[in-house]
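This report is an introduction for a reader who has not met the structure before. It treats a helix pair, the relation of the chains and the domains in turn.

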There are 2 protein chains.
Amino acid sequence: MKRIYNPSLDEIEQLCIRPTQDDREIKNMVERVFQDVERYGLRAIKRYATKFDGCSDVAVLTKFEILQTSRSIDVTIKKAIDVAYSRIYAFQKKSVQTNLERVTEDGITCWIEQRAIDKVGLYVPRNLVSSVLMLGVPAQLAGSKDVALYTPPNCDALSAICYAATLCKIEKIVLLGGAQAIAAMTFGTDLTPRVNKILGPGNSYVNYAKILAQNKGIAIDMPAGPSEVMVLADGSAIPSFVASDLLSQAEHGPDSQVMLVTTSELVADTVQEEIQIQTENLMRKENINKTLINSAVVVVESMHAAIMIANEYAPEHIILSVENPEEVASKIQNAGSVFLGNYSPESAGDYASGTNHTLPTGGLAKVYSGVSVSSFQKTISFQSLTRGGLDVIGKTIETLAEVEGLDAHANAVRRRMQVEEQNEV
Amino acid sequence: MKRIYNPSLDEIEQLCIRPTQDDREIKNMVERVFQDVERYGLRAIKRYATKFDGCSDVAVLTKFEILQTSRSIDVTIKKAIDVAYSRIYAFQKKSVQTNLERVTEDGITCWIEQRAIDKVGLYVPRNLVSSVLMLGVPAQLAGSKDVALYTPPNCDALSAICYAATLCKIEKIVLLGGAQAIAAMTFGTDLTPRVNKILGPGNSYVNYAKILAQNKGIAIDMPAGPSEVMVLADGSAIPSFVASDLLSQAEHGPDSQVMLVTTSELVADTVQEEIQIQTENLMRKENINKTLINSAVVVVESMHAAIMIANEYAPEHIILSVENPEEVASKIQNAGSVFLGNYSPESAGDYASGTNHTLPTGGLAKVYSGVSVSSFQKTISFQSLTRGGLDVIGKTIETLAEVEGLDAHANAVRRRMQVEEQNEV
């Protein structure tokens, strides 16, 4: 990890550029998959499944088969999924935006209601049981119909994935991964019909495939990139914890990024030593070491400067290992999920605190939200005017329609206002 | 308008295909604009402004100039804008989702907060004063900073646009329209810096430009297409009102579509006669006649069938000219905005009822919402665990992390759980 001291505005801008590369080869491959699936459908899908996953057929598990498969789950894993499910369910349920009250004034009543999005495709990367819950629970709470879950074949954790799916009442699992899975959801095949929205994390192939799906008129949860974490630390931080958090993100893959921004040079030094020590005992050393090359420790003079950097960087995850985490949290403007204090590691949110782990990356936290129940809903507005209500705004509508040169708009109002109020139909 | 009786499922599917064309010429042009603006910046922008709008320079109005320009507004128009602003402001304010309560259980506290999206670009088509309000009011209520409004030059209604902008506290107006305006917001120029999100309606050039902006990492309100309305009518409908509503949408442009779905053949006949009569006195006859060719009257046997067709079609606007509009409204699953009863013309929502007129078109109401305050916000999730709280879910996290093969995730928890509770730091 490179060390940077009190970066200038230009240096902060540089720090905010993520290590991801614009990989033309990946894009070409994904574009080819899309073209082929659009043209040849299931035949192309099977060819790519064979090529990438050694699977010449695509299994579609029905409700019954999902239940059957879930039965072979290990009891400890089952218990862990139960705990995670119930916490995620409880919190996501409380975060549901209820329909707001109707507003009536002068005979004009307006209101907004939520409705579920139906025909939804969930993408779950190989073995990521937690992503089944993070997508399945909000879909279940929104009441989305026709939910299909795609996940790669040859998955070690299939019984766990199926068990999580049964909890979320998912009734269809397609064992197909990668860009070909996203293409299948986009164009619709005999596996599942075309979906309205695709949600879920993935690798660079999947993420670019979601962009292509979006260009074909399918909504997506958000454009996604490699995972990242930023830790803000002052002298009260516990270096071994901070190191363990940076490492838990670094193990994801070589294009991830981890950032430590601290007001304490001592913390910076000790965390870097701890990283070296802890890495020795971790399985994914290779990923970790590659990630650390792209990562940085930034030493600043004040928490104010640290917060400014955080808001510019807009991290997917931010851990506040500081004396007054609440105060710092209130100043975080751009982030996916915030972890307060020494006992809130990122892993807690990844699996079981109750918040969602499908979060905006690459600085998109400035504008996108993580997945929630509302990702599976849209809103509809309603208005109901009485004859008297139309009188109140009729002239306004006529005038503005005329300014805009739209006289048929004015006519629709004028015609109704000609009816005498007592003759109201 | 063609007449269709009791369409089959296949015929309904056909009905739902919008008349928009995939215009390669428009796409090529917009792609060229984007390439040139990316490469040559302001120089390319000025060249396109000259070519398309005969304007060799691009004016940027400051707060003071907006105020100055707004002073020449006609008093009637000013009053109309005041009324529309206050109604839109009042309703949009009441539709703001407040931050939900924190949820604490077993030492684990989670919550969600809204934060404004800053650096926002609003696009307002030439003379569309109402769109200034429909975009500016929610931006103002969200508290977005750095809001820039782009609208074409040579605009008759500039004083009105400026007046509406002052009400919404918009401090920068750029007189630039079309794809070149969207490209300017996407890449950032001396006119305004790169924005995080672009919102607002537009013609086919603007709409495709927003798709290209999205591919460059800019969020957009929604992919948009030509405007459309569907009227559901039973025997209680007033044919002259229904005709005026269909015509108010038809005047928008030749690629718009208007649909009447009715249980009464008499209503169908009378509405079609009324359309002929009313069209004679309207300014935009040519647009209207072209739109009507692409439009249809569907006669069905029951309101149940009508609602089914509406939900498949997912209209931008739907007017319920029926005896029990509340009951029918509760069954509308897919629509942008719903207008209940005989005195709620679409024009009311277009200008002044209080709801937003920036709505999903082309069937996207199945998955997208109209613009609202939340279009200018994102949510952040927070979690704060005590040492005891981590104990409650620690084992769960470890187990799931192991299933997923992520041992550094498990390590981050294990390390904290090794600290004796009494020694909590």
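## A helix pair between the chains

In this predicted model, helix α10 (residues 239-250) of chain A and helix α17 (residues 407-417) of chain B have axes that come within 8 Å and cross at roughly 165°. Because angles over 145 degrees count as roughly antiparallel, α10(A) is roughly antiparallel to α17(B). The crossing of α10(A) and α17(B) is left-handed.

On the side of α10(A), the contact is formed by A:S240, A:F241, A:S244, A:D245, A:L247 and A:S248. These meet B:A408, B:H409, B:N411, B:A412, B:R415 and B:R416 in α17(B). By character, the residues of this contact of α10(A) with α17(B) comprise four nonpolar, five polar and three charged.

## Symmetry of the two chains

A turn of 180° with a shift of 0.0 Å along the axis lays chain A on chain B, with an RMSD of 0.0 Å. This is therefore the relation of a two-fold axis. The same surface serves both copies, as 100% of the contact residues of chain A recur in chain B.

Among the residues of chain A, A:Q97 comes closest to the rotation axis, its C-alpha being at 3.6 Å.

## Domains of chain A

Chain A is divided into domain 1 (2-20 + 225-354), domain 2 (24-223) and domain 3 (386-423). A distance of 47 Å lies between the C-alpha centres of domain 2 of chain A and domain 3 of chain A.

Methods:
Residues numbered from 1 in each chain as written. Chains lettered and ligands numbered in written order. Predicted model: local features only at pLDDT ≥ 70, side-chain atom pairs only at ≥ 80, totals over all residues. Domains from an automatic or database assignment. Axes fitted to C-alpha atoms, helices over the stretch in contact; angles between N-to-C directions. Helix = DSSP H or I, 4+ residues; strand = E, 2+ residues; numbered from the N terminus. Parallel < 35°, antiparallel > 145°, perpendicular 65-115°, else oblique. Left-handed = near helix turned anticlockwise from the far one by under 90°. Contact = placed C-beta atoms within 7 Å. Nonpolar A, V, L, I, M, F, W, Y, C, P; charged D, E, K, R; others polar. Least-squares fit on C-alpha atoms with pLDDT ≥ 70 in both.
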